[in-house]
Amino acid sequence: MPEGHTLHRLAREQQRQFAGLPIEVSSPQGRFEAQLVDGRVLDSVSAYGKHLFAAFGDRIVHVHLGLYGKFTSGIGEPPEPRGALRMRWTAPSGWTDLRGPTACEVLAPSEAEAVVARLGPDPLQRGADGTRAFERIRRSRAPLAGLLMDQQVLAGVGNVYRAELLFRHRLDPYRPGREVEAATWATVWSDLIALMRAGVRSGRIVTTEAADRVRPSRRVVRDDAHYVYRRHGLPCRIDGTLIQMQVLAGRKLYWCPTCQA
DNA sequence: GCAAAATGTCAAG
DNA sequence: TTGACCTTTTGCA
């Protein structure tokens, strides 16, 4: 379930559980050069967009989960390694396992900085500058739906947030970037920050009105969490029109053709 | 038991 | 624009 909120949540959890401790690092699968950081003290874990950075002195473990990468973790002794286990951390405070990432590599600090330099503003970063994204959007005649997913425009937004964000603001996914008003963008940007922060808190993406009244104790039914994402062929929650789906740049785009005309 | 799908990215043509 | 890649889970026989 990796959009930006997932990575920021992971960074926080790993920071809390492992930072300041020497970590036993291994790669049962053998596809990660664990010996480069094995036994080093973990200084800090941070996230930018969908990227995770774990600093072991001057060696940075860079992880990108891709479409189905996943961390699992626990306290006490780790379980016997099963399946394709790319990276395992073991410490007195517990363990964490990583499977299926697109990237899991050791970088020099300058290389890690270069990764971030290629990305647009991350709404989850304190002081993130939404106008930087808008400048790129305004210069493009590409559909807004595609621009929102472009990590060089905006870092951390994936297929769920883009579909839901467009719906919440009644925006036509195919509107060219250059036709988006500054005032519209300002509203969209601040809404995106709120949505993604809620995502970090709850660990999942909830964009329906239930998301507006954040009450952790009150569980939202999974089915109600989205307006349009993966609701192809079902009636729009607002006006009953059937939700449409179309593949755009290789990804499934969902929208309500009347609400978002 | 096997194919398809999944909140992603990159490189080739 | 397409295919390749990383792995697990789901759905259908």
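**Figure 1. Long-range contacts hold a large share of the picture in chain A: 60% of its contacts with a separation of 6 or more join residues 24 or more positions apart.** Here, a contact means heavy atoms within 4.5 Å. The model you are looking at is predicted, so local features need pLDDT of at least 70 and side-chain atom pairs count only at pLDDT 80 or more, while totals for chains, interfaces and linings use all residues. Residues are numbered from 1 along each chain as its sequence is written, chains are lettered from A and ligands numbered from 1 in the order in which they are written, and side-chain values use heavy atoms, with hydrogens and water left out.

**Figure 2. The whole of chain A, with six helices and ten strands.** Helices (H or I, at least four residues) and strands (E, at least two) are DSSP runs, numbered from the N terminus. The C-alpha trace spans about 55 × 40 × 30 Å along its principal axes. For 261 residues, a compact globule would have a radius of gyration near 18 Å, and the 20 Å of chain A agrees with that. This radius is taken over C-alpha atoms, and the globule rule is 2.2 Å times the number of residues to the power 0.38. Of the 261 residues, 49% count as buried. Buried means under 20% relative accessible area, exposed means over 50%, and partly exposed is in between (1.4 Å probe, protein chains only).

**Figure 3. Helix α5, residues 159-168, is mostly covered.** Take a walk along this helix: ten of its ten residues are buried. Among them are Val160, Tyr161, Leu165, Leu166 and Phe167, and also the charged-type residues Arg162, Glu164 and Arg168. What lies over these buried residues includes the helices α1 (4-18), α4 (144-149) and α6 (182-202), together with the strands β9 (244-248) and β10 (251-255).

**Figure 4. Two arginines with a positive phi, Arg170 and Arg230.** Most residues other than glycine have a negative phi. Arginine 170 is not a glycine, yet has a positive phi of about 55°. Look for arginine 170 just after α5, in the loop between α5 and α6; at 35% relative accessibility, this residue counts as partly exposed. Arginine 230 has a positive phi of about 60°, although it is not a glycine either. Its place is the loop between α6 and β9, and at 64% relative accessibility arginine 230 counts as exposed.

**Figure 5. Arginine 141, in the loop between α3 (130-138) and α4.** This arginine counts as exposed, at 63% relative accessibility. Leaving aside residues up to four places away in sequence, arginine 141 touches Pro176, Gly177 and Arg178. Glutamate 179 is 38 residues away from arginine 141 in sequence, and their C-alpha atoms are 8.0 Å apart in space.

**Figure 6. Cysteines 236 and 259, without a bond between them.** A disulfide is a covalent bond between the sulfur atoms of two cysteines. The search counts a pair of cysteine sulfur atoms within 2.5 Å as a disulfide, and finds zero in the whole structure. The cysteine sulfur closest to that of cysteine 236 belongs to cysteine 259, and the 3.7 Å between them is too far for a bond. Cysteine 236 is buried, at 5% relative accessibility. Cysteine 104 is buried as well, with a relative accessible area of 9%.
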